[in-house]
Amino acid sequence: AMNGEGMNIQNSHETERFWRLFLWLFSFAIVGLTFKQLKFNYFVGPFELLAILLIVGWIGFIFSGGRWRHNPLLGKILIAYVLLSLGTAWALIDNPGRLSIRDALAYAFVFLVVLIYADSAAGRGRDALRIMAKVIGAYLFAILVMAIVPSPMQSTVWYMYPLKIQGFSDNPNQIAFLSVVGMSYLVADEVMSRRCDRMTMLAAFSCGLAGFLSSSSAFTLAFIAVTLVAIVALWLQRSHETQIVNRPAPVLSERVITKYIQGAMSMLPRTLIMLSTAKIAELVLRFALYFAADASRALKIAVAAIWAIFAVPHSTPPVTAGSSQQTTASVIKDYMDGDAGQGTTRLALWRLGIETAKDSPIVGLGPGAHIPFQQATGTERYEAHNTLVDILVVSGIVGVGVLGAIVLMLARHAYETRTLALFSVLTVPVLLFSMFHFVGRQPLFWITFVLAAYVLPARTKPAEAAGEASGSPLIADGPRI
């Protein structure tokens, strides 16, 4: 009996070691799926092959040892994929010519990656979140070193040297998206665990600096969002009188509000501090890059000094001269013009995307670029660069309903378990970024919701809930899973 018990313990330890190694490698492969410069062709590269190898290894490991565990989330992911793929089936019936086989295979691959990740992270959500955040931070740190230290590889990681950083992707927005995800995960982890080691702080700084160097307005919005949500979360956490959120307005005096804000600021997450410090580092780095550029030294010093003194965030929307008010559309246009000079184009694609979706409003047109846009060389077809609009075009109202249901169900669960702030820190920055870029083919977009489902605590029983009634509905009291 003792020998049998010892073997069980040994097997348990081996399983745990295998799980940790697998999750580190799989997280590395998932981040590597953004490395388009390293692909053998436009579709397959070393990290796609690594992901496939790990998926096959995981399936063999699970079924060979009888380690399969029932996980209701896997069935829900399968249902979501089937609903999102109804447009593919309809395109095969209605007009196969409009279907992009490459995109259809990409969506299937993303679904498989998310499914296996959800299975491997089951029961270990917080560890999985922490591992993914550190992998993202390590990659971004390596890219920053390559971007700053002179070497033959330096020009590879810059998109428009020295304006935007792209890493091993072919688009700075990929770096911006990784930075947003890493930033959200790191702040969420500290909100949950209330601890932050040096590696986490370095990862947070790397996410912030890489994100700002991508010159992405969407990253800046996401940074503002995660900062505000984190401060509100800590304000509520600091307040032991959680009924304050339900008190009449007069009770919320300036003195009371100041007291709780000061309390929250005094325990501001170090990850958030590092993200803010990264903005200062970006200004210094851009100053140095201007200084080192090939031009008149005196002129560069003068330009850099003026720019540094009067600098505001690069994404601040300009105000149109002579106009006292701006429409929402014009504000968005100006904001995106500050990003890539494509504000007018993006807004036109969004409007055309909604019009195009009317051709198949229920299940969508299926995978592919379907939005006709007039260029100087003729009419070409594009995506909307807005995840909600693109899902509407590809998967119709059904697809938008799937995404909405995922967010609403998780938000409701977060509210009922008093972890709405944690849920917001984890998902709002990613969702906000997705409104300016199409990230539906990024596994990390969907993995964010998988991790949210895992890190949110289970609903308490009525008897337990009665004993916890004094808790805030917006933030968890601490780790409870």
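A residue is classed as exposed when its relative accessible area is over 50%. In the predicted model described here, Ile79 has a relative accessibility of 52% and therefore counts as exposed. Ile79 is located in helix α3. Together with Leu78, Val82, Leu83 and Leu86, Ile79 forms a nonpolar patch on the surface, whose combined accessible area is about 390 Å². Helix α3, which covers residues 72-84, contributes four residues to this patch, the largest share.

The secondary structure of the protein chain consists of 18 helices and two strands. Of the 481 residues in the chain, 49% are buried. The chain exposes about 23200 Å², and 67% of that area is supplied by carbon and sulfur atoms. Among contacts with a separation of 6 or more, 75% are between residues 24 or more positions apart.

The largest nonpolar core contains 123 residues, and Phe26, Tyr117, Tyr185 and Trp446 have the most contacts inside it. Helix α7 (residues 172-193) provides 13 residues, the largest share of this core. With neighbours within four places in sequence set aside, Tyr185 is in contact with Leu129, Met132, Ala133, Leu426, Leu444, Ile447, Thr448 and Leu451. Ser184 also lies in helix α7. Its relative accessibility is 0%, so Ser184 counts as buried. Outside its neighbours within four places in sequence, Ser184 is in contact with Val425, Leu426, Pro429 and Val430.

Helix α17 comprises the 13 residues 443-455. At 1.5 Å a residue the helix should span 18 Å, and the end C-alpha atoms are 18 Å apart, so the two values agree. Helix α17 is mostly covered, with twelve of its 13 residues buried. The buried residues include Leu444, Trp446, Ile447, Thr448 and Leu451; of the residues in contact with Tyr185, Leu444, Ile447, Thr448 and Leu451 are named above.

Ile136 lies in helix α6 (residues 125-148) and, at 0% relative accessibility, counts as buried. Not counting residues up to four places away in sequence, Ile136 touches Val31, Leu178, Val181, Gly182, Cys207 and Leu444. The C-alpha atoms of Ile136 and Ser206 are 9.0 Å apart, with the two positions 70 residues apart in sequence numbering.

Leu49 is placed in helix α2 (residues 46-64). The relative accessible area of Leu49 is 44%, so this residue is partly exposed. When residues up to four places away in sequence are not counted, Leu49 touches Phe40 and Val44. The C-alpha atoms of Leu49 and Leu33 are separated by 9.8 Å, and the two residues are 16 residues apart along the chain.

Two loop residues have backbone angles of note. Most residues other than glycine have a negative phi. Ser215, which is not a glycine, has a positive phi of about 55°. Ser215 is found in the loop between α8 (198-213) and α9 (217-238), and at 11% relative accessibility it counts as buried. His385 likewise has a positive phi, near 60°, and is a residue other than glycine. The loop that holds His385 runs between β2 (378-382) and α15 (387-416). With a relative accessible area of 28%, His385 is partly exposed.

A search of the whole structure finds ten salt bridges. In one of them, Asp94 pairs with Arg98, and the closest N and O atoms are 2.8 Å apart. Asp94 is partly exposed, with a relative accessible area of 43%, whereas Arg98 counts as buried at 17% relative accessibility. Arg102 forms a salt bridge with Asp103, with 2.9 Å between the closest N and O atoms. Arg102 counts as partly exposed at 31% relative accessibility, and Asp103 is buried, with a relative accessible area of 7%.

The side chains of Arg441 and Glu383 also meet in a salt bridge, at 2.7 Å from N to O. This pair links distant parts of the chain, 58 residues apart: Arg441 is in the loop between α16 (420-434) and α17, and Glu383 is in the loop between β2 and α15. Arg441 counts as partly exposed at 26% relative accessibility, while Glu383 is buried, with a relative accessible area of 17%. Through salt bridges that share partners, Arg102, Asp103, Glu383 and Arg441 are joined into one network.

How values were computed:
Residues numbered from 1 in each chain as written. Predicted model: local features only at pLDDT ≥ 70, side-chain atom pairs only at ≥ 80, totals over all residues. Heavy atoms only, no water. Buried < 20%, exposed > 50% of the residue type's maximum accessible area, 1.4 Å probe, protein only. Contact = heavy atoms within 4.5 Å. Core = buried A, V, L, I, M, F, W, Y, C linked by side-chain atoms within 4.5 Å. Patch = residues over 30% accessible without salt bridge, like charges linked within 9 Å, V, L, I, M, F, W, Y side chains within 5 Å. Areas by Shrake-Rupley, 256 points an atom, 1.4 Å probe, with all protein chains shown as cover. Salt bridge = Lys/Arg side-chain N within 4 Å of Asp/Glu carboxyl O. Expected span 1.5 Å × (residues − 1).
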